[in-house]
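Work through the exercises below with the sequence and the coordinates open, and try each task before reading its solution.

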Amino acid sequence: MKKLSNQQIIDAGLGDWRKLAQALHARYSIRDYNMAARFLTAVAQAAEADGHHPDLKLTYGVIDVSLCTNEGGLWVTQKDIDMARKISGIARENGLEPAPSAVAQLEMALDTAHEGSVAPFWSVLLTGSSGNRVQDSVFDPAGRVPSLWFQATEDHETPRQRWHFDLWLAPEMADERIAAAVASGGSIVDDTAAPSFTVLADPDGNRVCVCTSLDRT
């Protein structure tokens, strides 16, 4: 199916959901595990009926849901939009409260001029297989570890920083989180690409990007 742009995703009006790096993400608050079980069962039945399966994670007090299509990449397509609407309806029927601003995703990024040679190493190390790669990234099918993407760069001398984190947040939360990080001793290195991403540094100069889906295709 056709990949949807970030603007098309926004225009779909999915109040419970936020687009992060690749997928749609939702978080629902639960009162107890009985409530969670009813919700998970209903979502499983809807997913089986449509042949399109979300990732579900149940932890104390919340259920995290993510949706994307794996067809030549990890994208959001119309079938993800349709399933997201069904899941939102199931959540309402079961009394679950959405917490869309609370979603987050952490990616690791490695600057390298040699993706072809380093990617198999990191894929097998992180996931147990050298083949868990989609385009420029390593993804663990079981979601045990954060994804790793390779940022193409020219050859350079070490010890230039080659690793950084990409923290994806709901757009409405980014400014608040950046301000809190700065108040805690960090600094803004570069905000010229905001709100797409803002580069921060800790007091030692270690960098991290705070990313949102805004101003991206």
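**Exercise 1.** Decide whether Asp215 is buried or exposed, and describe its backbone and its place in the chain.

Solution. This is a predicted model, and every value below is computed from it. Begin with the relative accessible area of Asp215, which is 63%; since exposed means over 50%, Asp215 is exposed. Next, locate Asp215, which lies in the segment after strand 15. Finally, read the backbone torsion: the phi of Asp215 is near 60 degrees, a positive value in a residue other than glycine.

**Exercise 2.** Carry out the analysis of Exercise 1 for Gln135, stating where it lies and what value its phi takes.

Solution. Gln135 is placed in the loop between strand 9 and strand 10 (137-138). Its phi is near 55 degrees, which is again positive in a residue that is not glycine. With a relative accessibility of 53%, Gln135 counts as exposed.

**Exercise 3.** Establish the order of the strands in the open sheet of eight strands, and find which strands stand at its edges.

Solution. The order of the eight strands is 9-10-11-8-12-15-14-13, and the pairing is mixed. Strand 9 (133-134) and strand 13 stand at the edges with a single partner strand each, so one side of each has no neighbour in the sheet. To see how the pairing comes to be described as mixed, step through some of the pairs:

- Strand 8 (residues 104-112) and strand 12 (residues 163-169) are antiparallel and share seven bridges; within this pair Leu106 stands opposite Leu167, and Gln105 has Trp168 as its bridge partner.
- Strand 12 and strand 15 run parallel and are joined by four bridges, with Asp166 opposite Cys209.
- Strand 14 and strand 15 (residues 207-211) are antiparallel, with five bridges between them.
- Strand 13 (residues 187-190) and strand 14 are antiparallel too, joined by three bridges.

**Exercise 4.** Characterise strand 14 (residues 197-201) by its burial, its bridge partners and the hairpins on either side of it.

Solution. Four of the five residues of strand 14 are buried, so the strand is largely enclosed by the rest of the structure. Leu200 illustrates the pairing on both sides, for it is the bridge partner of Ile188 and also stands opposite Val208 in strand 15. Turning to the connections, a hairpin of six linking residues joins strand 13 to strand 14. Pro195 belongs to the loop between these strands, and the peptide bond between Ala194 and Pro195 is cis, with omega at about 5 degrees. The hairpin of strand 14 and strand 15 has five residues between the strands, among them Gly205, whose phi is positive and near 95 degrees.

**Exercise 5.** Compare the surroundings of His25 and Arg85, and classify each by its accessibility.

Solution. His25 is found in strand 2 (residues 24-29), and with a relative accessible area of 15% it is buried. Apart from neighbours within four places in sequence, its contacts are Asp16, Trp17, Arg18, Leu20, Val65, Ser66, Val103 and Gln105. Arg85, by contrast, is found in helix 3 (residues 78-93), and its relative accessible area of 41% makes it partly exposed. With residues up to four places away set aside, Arg85 touches Ala12, Leu14 and Gln78. Arg85 and Gly15 are 70 residues apart in sequence, yet their C-alpha atoms are 9.3 Å apart.

**Exercise 6.** Identify the residues that make the nonpolar surface patch of about 290 Å², and place Val124 in its element.

Solution. The patch is made by Phe121, Val124 and Leu125. Val124 is found in helix 4 (residues 115-127) and is partly exposed, at 41% relative accessible area.

**Exercise 7.** Summarise the overall fold in terms of secondary structure, dimensions and contacts.

Solution. Count the elements, which come to five helices and 15 strands. The radius of gyration is 18 Å, close to the 17 Å that the globule rule gives for 217 residues, so the protein is as compact as a globular protein of that length. Along the principal axes, the C-alpha atoms fill a box of roughly 55 × 40 × 30 Å. Buried residues make up 41% of the 217 residues, while the exposed area is about 11,600 Å², of which carbon and sulfur atoms supply 52%. Lastly, among contacts between residues at least 6 apart in sequence, 62% join residues at least 24 apart.

Definitions and conventions:
Residues numbered from 1 in each chain as written. Predicted model: local features only at pLDDT ≥ 70, side-chain atom pairs only at ≥ 80, totals over all residues. Heavy atoms only, no water. Patch = residues over 30% accessible without salt bridge, like charges linked within 9 Å, V, L, I, M, F, W, Y side chains within 5 Å. Areas by Shrake-Rupley, 256 points an atom, 1.4 Å probe, with all protein chains shown as cover. Salt bridge = Lys/Arg side-chain N within 4 Å of Asp/Glu carboxyl O. Helix = DSSP H or I, 4+ residues; strand = E, 2+ residues; numbered from the N terminus. Buried < 20%, exposed > 50% of the residue type's maximum accessible area, 1.4 Å probe, protein only. Pairing = 2+ DSSP bridges. Rg over C-alpha atoms; globule rule 2.2 N^0.38 Å. Contact = heavy atoms within 4.5 Å.
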